[in-house]
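This report looks at charge pairs, nonpolar cores and charged surface patches. Please keep the model open while reading.

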Amino acid sequence: MERVQFQQEQMLAELKDLVQRGLFTETEVKQIMRKRTQFESALVRRVAKKADFLRYAAYEMNLEQLRRKRLDRLDLPKSKTTISDYALVRRQFHIFERALRKFKGDVGLWIQYIQVAKRVGARGLVGRVTARALQLHPNVPSLYIIAASHELSHASPSAARALLQRGLRLNGQNIELWREYVRMELHFIEGMRRRWNILGIGTNAEKKLADIDTSMDVDIDMDGTADPIIVTDDRVETPEELVTAEKGGDLGEAARRAIMDGAIVKSAMYSAAKASPQFELFLQLEELIRSYPCQSHLRKTLLDELYHLLHQTIPSEPEAIKMFATRHLRELTLDKASRVRGLVDALRYANERLVDALGNPPNDKARGEISALYADFVQEWCRLPTLDAALKQYLINPNALPVLQATHLRLLLRNGAPSKQILKLARKYSRVTNSPDVWLARLDAEKAANDGDITTIWSSARSAVQSFPDKSEVEKVWLWGLDQLLLEQSMRDSSTRSIHESLLLRYVSDVVYAERMDNVERCKLIRRLPIAFLPTKIVWEHLFSLESARGDDVQRTVLNTTYQHWQTFDGVSAAMAWADGKEAVMIISKAAAHLPSEERARLQQMWNSRLNGGKRDEDEKEEIFSAVEEPMERMPITLTID
């Protein structure tokens, strides 16, 4: 308790000053002292918890906000700065410093400390804290981005560039870091353009356009965070890379033109493509370049270079092929007349490139993926109600490829065309083809028309596609009747309950969680499960494990829906599987409240066993499971910084 008493003694001067200035009453000061004593007592426990530090810091932040509001309301005359003007902010920093001495490995805590320091304008502290954080966590890209952003916001692009380059040397595969590096270089170029226009030393081409602001897609009111002037304590200096560009003569002119043409950004993109040849990288860089406010000729030059790198780096990637083919469709201007003129050419270019890729795929595996992407492309444009009918007919050329024939049938089904007309067309398309895509579309048409024995037609489809080279596509035809026929039949007969469960497990694995199933369609199938197929406990458990294993792509709404159904069969197992992360305590609490005494005791035993495996202290275990007995105290455990 000596440490608590020491902290109390450090508070006396600031609390006395608050009372003397009339910002707090003596009663309020006593309450503040009592509350701080509780927090300090929690911090000196044998095993301190991060939540205690964060609660303490949040309390001090609220106290500082209250002090500021009362100071504004009282409208006191300006006077000499006293200890109460900075003591509460200083205490927030002191709490974070104490927390970081115990939790050096917590990156989130470092970031929260930096955000708090930024909010109160402690510029020097932000730099020191980010430097310490990077020393301890050199492989965390977000810290480099925060540090570089801080340098840019204080007019030091050279330091920001050095920080990002250092981060890229250690985290070369990180896409977010490369994106922010390219963004910084774009910002740097825009700062150069404005600087040189003011100084009157732009390139010859820019001098002609200097007075024509309407020809530039640049926000003139952009902030100057990319201004290349470095401000130090005693002087203002220009970065070395600008010395040559700002010289006169042909050498300076050539250097300025190279910078304005994006030479620095092109070099950054080349390095990014070499270090991290992923489609996601090119996708994010394209989005950045298209959305960044820069001159139109610079944007066009950079996009051309990006697509050139895309074609060189991952030419056989199906998504990259589609991105390259549809580039002109994303370049259409907002002007209606120009959009109409360019749409026809852009659609023709995209269609020809995709058809060529489909006819000459880089490998057999990519053929199926390109077919699916081409079908999605055609459906996406044909669904547009404003698209001209002639363009729709051009895209849907039934005599060209089986994938287009299948797409044509699905569009007719979606648009509500007469079932007999669709059925006639489907039978015509499937007569001379072994394409699983066409046969799947025909099976859907046959079921919609309800004309004939669907079981016999399904058997014919399985026989027709046997010679198709891609066996994964053939398997789709075999699985078509799994939910359409077999599951419905097995559900009706109680003697086949175990068979029904096995079929349903296969349906969940191979249909609901197929690789090409999008999230929207998957959610629809999962919502349909309890209504159509009566899944058992094992099925819900299997579905929960499949969704949890998706990593970054996991859908919390799907997990929650699955958990609610699973809980009706086995509340203990469902709660233990769902209890993870910050909401674990609340999930266990709610689950235990609805369980009978025996199952509740089993849940408590399993939960305590998990905590023992995590080597938590006894006080924490008691506190966590006490949430089952009574509601938790509603105190913040994380900081939300505006």
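Buried here means under 20% relative accessible area, and partly exposed runs from there up to 50%. The model is predicted.

Arginine 67 has a relative accessible area of 3%, so this residue counts as buried. Glutamate 64 is buried as well, at 4%. The two form a salt bridge, with their closest N and O atoms 3.0 Å apart. Both sit in helix 3, separated by 3 residues, or about one turn of the helix.

Which residues are linked with this pair in a network of salt bridges? The network consists of Arg21, Glu64, Arg67, Arg68 and Asp85. Within it, the side chains of aspartate 85 and arginine 21 meet at 2.7 Å, N to O. This contact joins distant parts of the chain, 64 residues apart. Aspartate 85 lies in the loop between helix 3 (50–74) and helix 4. Arginine 21 lies in the loop between helix 1 (2–20) and helix 2 (26–43). Aspartate 85 is partly exposed, with a relative accessible area of 22%.

Another salt bridge pairs arginine 132 with glutamate 97. Arginine 132 belongs to helix 6 (residues 123–136) and glutamate 97 to helix 4, so the bridge ties together parts 35 residues apart in sequence. Arginine 132 is partly exposed, at 32% relative accessibility. The count of salt bridges comes to 27. The table sets out three of the pairs.

| Salt bridge | Closest N and O atoms |
|---|---|
| Aspartate 85 and arginine 21 | 2.7 Å |
| Glutamate 64 and arginine 67 | 3.0 Å |
| Arginine 132 and glutamate 97 | 3.0 Å |

Next, the nonpolar interior. In soluble globular proteins, nonpolar side chains tend to be buried together. The largest nonpolar core here has 87 residues. Phe93, Phe96, Val182, Met269, Phe282 and Leu310 have the most contacts inside it. Helix 9 (residues 175–199) supplies the largest share of this core, 11 residues. Another core lies apart from it and holds 38 residues, among them Leu487, Leu525, Tyr563 and Ile588.

The surface carries charged patches of both signs. Arg3, Arg101, Lys102 and Lys104 gather in a positive one. Lysine 104 is in the loop between helix 4 (87–102) and helix 5 (107–119). Its relative accessible area is 43%, which makes lysine 104 partly exposed. Glu317, Glu319, Glu369 and Glu515 form a negative patch. Glutamate 369 is placed in helix 18 (residues 364–382). Glutamate 369 is partly exposed too, at 31%.

How values were computed
Residues are numbered from 1 along each chain as its sequence is written. This is a predicted model: local features need pLDDT of at least 70, side-chain atom pairs count only at pLDDT 80 or more; totals for chains, interfaces and linings use all residues. Side-chain values use heavy atoms; hydrogens and water are left out. Patches are made of residues with over 30% relative accessible area and no salt bridge: like charges are joined within 9 Å, nonpolar side chains (Val, Leu, Ile, Met, Phe, Trp, Tyr) within 5 Å. Accessible areas come from the Shrake-Rupley method with a 1.4 Å probe; for residues, only the protein chains shown count as cover. A salt bridge is a side-chain nitrogen of Lys or Arg within 4 Å of a carboxyl oxygen of Asp or Glu. Lys and Arg count as positive and Asp and Glu as negative; His and the chain ends are not counted. The place of a charge is taken as NZ of Lys, CZ of Arg, CG of Asp or CD of Glu. Helices (H or I, at least four residues) and strands (E, at least two) are DSSP runs, numbered from the N terminus. Buried means under 20% relative accessible area, exposed over 50%, partly exposed in between (1.4 Å probe, protein chains only). A nonpolar core is a set of buried Ala, Val, Leu, Ile, Met, Phe, Trp, Tyr and Cys residues joined through side-chain atoms within 4.5 Å.
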